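Here are my notes after a pass through this one. Have the viewer open while you read, and tell me if you'd put the points in another order.

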2 protein chains.
Amino acid sequence: MELPPRRPRATILTLSRSAGVSASTVSRALKGDPRISKSMRSRIAELARDAGYLPNALARTLSSGRSGLLGLVLGPRSNPFYATLLEEVVAQSADRSLRFLILHAGPGPIEDRTTEALLQYQMDGCLITSADMSSRAAEICASNGVPVVMINRVPRLHASAVSCDNAEGGARMAEHLLAGGHRRAAVIHTGGASSNGIDRERGFTEAFLAGGGHIAARFDGRSIYEGGHDAGRQIAAMDARPDCVFAVSDIIAMGAMDALREAGLAIPRDISVSGFDSIPEAARAAYDITSFEQPLTTMVRRGLDLLTDRIADPSLPEEAITLRGTLIARGSTRRPATS
Amino acid sequence: MELPPRRPRATILTLSRSAGVSASTVSRALKGDPRISKSMRSRIAELARDAGYLPNALARTLSSGRSGLLGLVLGPRSNPFYATLLEEVVAQSADRSLRFLILHAGPGPIEDRTTEALLQYQMDGCLITSADMSSRAAEICASNGVPVVMINRVPRLHASAVSCDNAEGGARMAEHLLAGGHRRAAVIHTGGASSNGIDRERGFTEAFLAGGGHIAARFDGRSIYEGGHDAGRQIAAMDARPDCVFAVSDIIAMGAMDALREAGLAIPRDISVSGFDSIPEAARAAYDITSFEQPLTTMVRRGLDLLTDRIADPSLPEEAITLRGTLIARGSTRRPATS
DNA sequence: TTGAAAGCGCTACCAA
DNA sequence: TTGGTAGCGCTTTCAA
């Protein structure tokens with residue numbers, strides 16, 4: 001079977017020739033410049049359509065200095081939260097004609113060559129949802145005028161950020177557990193790797209202590225299911241077993257919950273388990289985990305706003321936006337007696 | 001605090017001036033052209049390093065016609081398989097200095113404007129891991145000489161593909177279940193949405209029937225956990241309950257398994273459950289699902305090979321590569337008595 | 001071994 | 001309302 005005859009792509013020049021006008025006229029007509037007469041505009045539009053013309057975005061970048069390309073840094077697949085974030089980012093960026101180039105996806109830090117790609121491809125900005133940038137990488141972006149926005153991260157030097165109020169979320173969870181009669185909590189944190197986890201734990205701990213509770217133990221959940229599972233096993237084996245668990249993310253809570261059940265404990269009868277993020281998996285009947293929901297859609301919307309605004313006007317100051325989340329009470333935590 | 005003084009980026013021209021040579025010399029020296037004297041090469045290399053020079057990949061594209069950019073189409077987050085695939089693709093592409101631009105991520109078909117982005121950004125090729133392209137989209141790619149490679153999909157017109165032998169995998173699973181003494185199977189398929197699912201079911205069914213088994217029921221698992229869960233509930237309620245379940249993907253199997261347990265059934269004592277893909281989640285102790293593992297690393301490697309080869313030489317024929325997977329027997333299926 | 005010049009496709013400035 | 005021209009940063013003949 002013959003391949004179709006690979007015509008060379010139409011360009012502004014070819015269009016201008018077949019229209020018998022100059023290239024500048026075509027360029028202006030195509031972007032609806034009002035200085036071009038209406039009839040000319042529609043004539044050229046038709047010509048372009050017939051020729052299957054598509055502008056060369058890269059050539060445009062060269063002269064305009066703006067590529068429409070954004071870098072994206074994504075966290076490890078082991079935490080489904082990032083998958084949700086990715087879908088949201090892609091969905092919203094379609095409407096804004098933003099294109100994302102994947103800089104990094106997975107565990108581990110962003111490598112230097114990744115930062116270089118950012119510059120080589122003239123990316124207009126960068127969205128980071130996970131691993132912290134090295135100071136060097138942040139420095140490179142800043143000194144090259146590439147705005148950086150972090151979602152689900154606290155702001156750093158030279159970056160704007162959108163996050164939910166993690167400390168507040170932790171505190172709300174503490175109140176919820178206290179109201180359910182819990183007083184001895186085990187906390188599964190993430191080992192200082194993420195500021196989110198630290199804030200969540202701090203908010204929880206302060207409120208739980210203030211409410212008369214007591215932190216019976218702390219474990220490092222390493223932000224993964226297995227880490228939560230290990231912690232759960234240890235909690236089940238404790239002499240004076242805690243009456244509740246606060247995990248700083250749902251994926252850790254899921255691991256803990258499975259381990260507790262494997263040890264023969266019933267949830268929430270023997271022990272309550274709570275998480276953070278409210279990922280879809282945590283809502284499944286098999287887990288049904290009480291969690292603190294981050295307003296993901298809005299977080300992404302604001303993140304893209306920040307990015308596009310600062311691309312349009314680099315003199316804008318850096319911003320830190322904090323959004324309030326929502327506690328979703330589910331079946332994994334005992335509720336106050338309603339008698 | 002002062003921002004650092006935003007020097008304009010170094011270009012080949014600025015380098016050539018400070019070196020006192022021509023731009024072409026710099027260009028050649030930087031890419032190690034042997035025609036340039038060794039001393040000149042190292043002198044320019046040093047200059048470039050000091051100036052923090054990074055080539056403008058977009059400008060290079062304009063003259064060379066090759067962007068180094070590839071499009072990526074990813075399936076819905078509801079199936080963790082795609083998250084694994086994404087990480088593998090990103091990890092491997094770093095070593096090959098390939099850059100992926102996200103064309104689509106999530107459920108639903110690829111939109112036309114997505115295909116247009118492919119051309120506007122002069123992408124060298126496109127990797128599809130999920131939703132089928134419309135014929136129109138495939139046509140557009142073909143007529144513009146953009147190679148398309150599908151991973152985990154059967155080849156279509158104008159595209160190469162890498163997949164695992166799905167029918168064989170289904171057959172192997174049938175044999176495994178037969179060997180474990182099962183004779184009445186329920187199959188949870190994906191409603192004809194994906195050729196993978198169809199092949200897996202066909203392979204399973206033929207082998208299971210051939211081995212003296214019988215297909216007691218079929219359900220549509222819609223490729224999501226909830227679909228598997230619904231099916232599991234119905235299976236648990238059947239009068240003559242099947243003794244095993246074959247789900248065409250792990251995420252469906254997980255849903256089914258949870259539903260069966262919620263109905264009070266023990267696995268595998270009362271009923272065996274098997275899946276496909278061997279995603280990390282299926283290996284967790286809480287599920288421990290017998291599954292058929294796709295050789296993901298190799299699949300991605302071959303996919304990228306196909307892509308880069310056909311970019312380098314567009315006259316190469318389209319290829320379909322089929323890899324053999326591995327049955328991973330776990331605790332969710334009864335094994336043959338070893339007496 | 002090096003340089004000059006043209007050109008990739010598009011935008012923007014200055015004229016007309 | 002339109003055209004001419006220069007230039008974005010790099011590659012690549014063709015000359016020297």
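What follows is a set of numbered points, going from the overall fold to single residues.

1. First, a reminder that we're looking at a predicted model, so please read everything below in that light.

2. Overall make-up. Chain A has 13 helices and 12 strands. With a radius of gyration of 26 Å, against the 20 Å that the globule rule gives for 339 residues, chain A is well over the expected value and therefore more spread out than a compact globule. The C-alpha trace of chain A covers about 85 × 50 × 40 Å along its principal axes.

3. Burial and contacts. In chain A, 48% of the 339 residues count as buried. If you take the contacts in chain A with a separation of 6 or more, 72% of them are between residues 24 or more positions apart.

4. Helix 6 of chain A. This helix runs over residues 112-120, and its buried residues are Thr115(A), Ala117(A) and Leu118(A). Looking down the axis of helix 6, you'll find those buried residues within an arc of 150 degrees, so they line one face of the helix. Turned away from that buried side is a face carrying the exposed residues Asp112(A) and Arg113(A). Just after helix 6, have a look at Gln122(A), which takes a positive phi of about 55 degrees.

5. The surface near DNA strand C. There are 23 residues around this strand, and the ones that come nearest are Thr11(A), Ile12(A), Ser24(A), Val21(B) and Thr25(B). Helix 2 (23-30) and helix 4 (57-64) each supply at least two residues, in chain A and in chain B alike. Helix 4 of chain A gives the most, with 5 residues.

6. What is that surface made of? By class, the residues near DNA strand C split into 10 nonpolar, 11 polar and 2 charged.

7. Arg261(B). You'll find this residue in helix 11 of chain B, which spans residues 250-262. Is Arg261(B) buried or exposed? Neither, quite: Arg261(B) has 17 other C-beta atoms within 10 Å, and is therefore partly exposed, since a buried residue needs 20 or more and an exposed one has 12 or fewer. Pro314(B) sits 53 residues away from Arg261(B) along the chain, and the C-alpha atoms of the two are separated by 53 Å.

Notes
Residues numbered from 1 in each chain as written. Chains lettered and ligands numbered in written order. Predicted model: local features only at pLDDT ≥ 70, side-chain atom pairs only at ≥ 80, totals over all residues. Helix = DSSP H or I, 4+ residues; strand = E, 2+ residues; numbered from the N terminus. Rg over C-alpha atoms; globule rule 2.2 N^0.38 Å. Contact = placed C-beta atoms within 7 Å. Arc of directions from axis to C-beta. Near = placed C-beta within 6 Å. Nonpolar A, V, L, I, M, F, W, Y, C, P; charged D, E, K, R; others polar.
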